[in-house]
Amino acid sequence: MTQMTSRPNPLRLFEITPAQIDQVLTVFYARIRQHPELGPVFNGHVGITDAEWEQHIALIARFWRGAILREPGYEGNPMRAHMQAGNVRPEHFDPWIALFEEIATDTLPADTARAWIALVHRIGRGLRMGVEDMTRPARVVPSLG
């Protein structure tokens, strides 16, 4: 009988392991929980117990594994979640991205960090536009720049 070896999905966006994703997210969300601006927003939606945060991190890890590694398992809708949250504001995305950049850069090999950071910027731009659209009066034309 031949032994099957696990090979990375050729459709993955860049080289990263599930363990590296988990490590970045664990550090990132520990810092988010304590962040003076973002902490209250996240704590209000995720909760304040370690168990609630572990569940949230597992959900977000499934999102990133799907987005980067093309693994199945995430069934959520990030755009809807951010738009329906009610207290997520466009100005929250800059400190969120800056914190992610710092942690990814400190935690991952340089090429991997750069690739994930670029993806975070792209996704963050889309989420910010969705949140801005929810808060913009109907008569105001959106800015595409």
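A residue is called buried here when its relative accessible area is under 20%. By that yardstick, helix 2 of this predicted model buries Leu38, Gly39, Val41, Phe42, Asn43 and Val46. Those buried residues pack against helix 1, helix 3 and helix 5. Just past the end of helix 2 comes Gly47, with a positive phi near 120°.

Stepping back to the whole chain, there are six helices and zero strands, so the order of elements from the N terminus simply reads α-α-α-α-α-α. Of the 145 residues in the chain, 35% are buried. Among contacts with a separation of 6 or more, 73% join residues 24 or more positions apart.

Helix 1 takes up residues 18-34. Its 17 residues reach 25 Å from the first C-alpha to the last, close to the 24 Å expected at 1.5 Å a residue. The buried residues here are Gln20, Ile21, Val24, Leu25, Phe28, Tyr29 and Ile32. Viewed down the axis of helix 1, they fall within an arc of 145°, so they line one face of the helix. The background is simple enough: an α-helix has 3.6 residues a turn, so residues three or four places apart point the same way. On the face of helix 1 turned away from the buried side sit the exposed residues Ala19 and Gln34.

Where does all this packing lead? The largest nonpolar core has 32 residues. Leu25, Tyr29, Ile32, Trp64, Ile68 and Trp116 have the most contacts inside it. Helix 1, helix 2 (38-46), helix 3 (50-69), helix 5 (93-107) and helix 6 (110-135) each put in at least two residues, and the largest share, nine residues, comes from helix 3. Apart from this core lies another, of five residues, among them Val41, Val88, Phe93 and Leu127. As a general matter, nonpolar side chains in soluble globular proteins tend to be buried together.

Two of the well-connected core residues deserve a closer look. Ile32, with neighbours within four places in sequence left aside, is in contact with Leu38, Gly39, Phe42, Trp53, Trp96 and Leu99. Ile68 belongs to helix 3 and counts as buried because its relative accessibility is 0%. Not counting residues up to four places away in sequence, Ile68 touches Arg12, Leu13, Phe14, Ile16, Ile21, Trp116 and Leu119. With one of these partners, Phe14, the C-alpha to C-alpha distance is 6.8 Å, although Ile68 and Phe14 are 54 residues apart in sequence.

Helix 5 is next. The 15 residues of helix 5 should span 21 Å at 1.5 Å a residue, and the 21 Å between its end C-alpha atoms agrees with that. Phe93, Pro95, Trp96, Ile97, Leu99, Phe100, Ile103 and Ala104 are buried in helix 5. Thr107, also found in helix 5, is partly exposed, with a relative accessible area of 24%. Once residues up to four places away in sequence are set aside, Thr107 touches Gln23 and Val24. Thr107 and Gln23 are 84 residues apart in sequence, yet 7.9 Å apart in space from C-alpha to C-alpha.

The model also has some open space to account for. About 590 Å³ lies in the largest pocket. Of the 23 residues lining this pocket, the closest to its centre are Tyr29, Phe42, His56, Ile60 and His82. Helix 2, helix 3, helix 4 (78-84), helix 5 and helix 6 each give two or more residues to the lining.

That leaves the loop between helix 3 and helix 4, which holds Arg70 and Glu75. Arg70 is not a glycine, yet has a positive phi of about 65°. With 40% relative accessibility, Arg70 counts as partly exposed, whereas Glu75, at 73%, counts as exposed. Glu75 and Leu59 are 16 residues apart along the chain, and their C-alpha atoms are separated by 9.1 Å.

Notes:
Residues are numbered from 1 along each chain as its sequence is written. This is a predicted model: local features need pLDDT of at least 70, side-chain atom pairs count only at pLDDT 80 or more; totals for chains, interfaces and linings use all residues. Side-chain values use heavy atoms; hydrogens and water are left out. Helices (H or I, at least four residues) and strands (E, at least two) are DSSP runs, numbered from the N terminus. The expected span of a helix is 1.5 Å times one less than its number of residues. Buried means under 20% relative accessible area, exposed over 50%, partly exposed in between (1.4 Å probe, protein chains only). The arc is that of the directions from the helix axis to the C-beta atoms. A nonpolar core is a set of buried Ala, Val, Leu, Ile, Met, Phe, Trp, Tyr and Cys residues joined through side-chain atoms within 4.5 Å. Contact means heavy atoms within 4.5 Å. On a 1 Å grid over the protein atoms alone, a cavity is a set of points where a 1.4 Å probe fits but cannot get out, and a pocket is an open set with protein on both sides within 12 Å along at least five of seven lines; lining residues have an atom within 4 Å of a point. Grid points are joined across faces, edges and corners, and a volume is the space filled by probe spheres set on the points.
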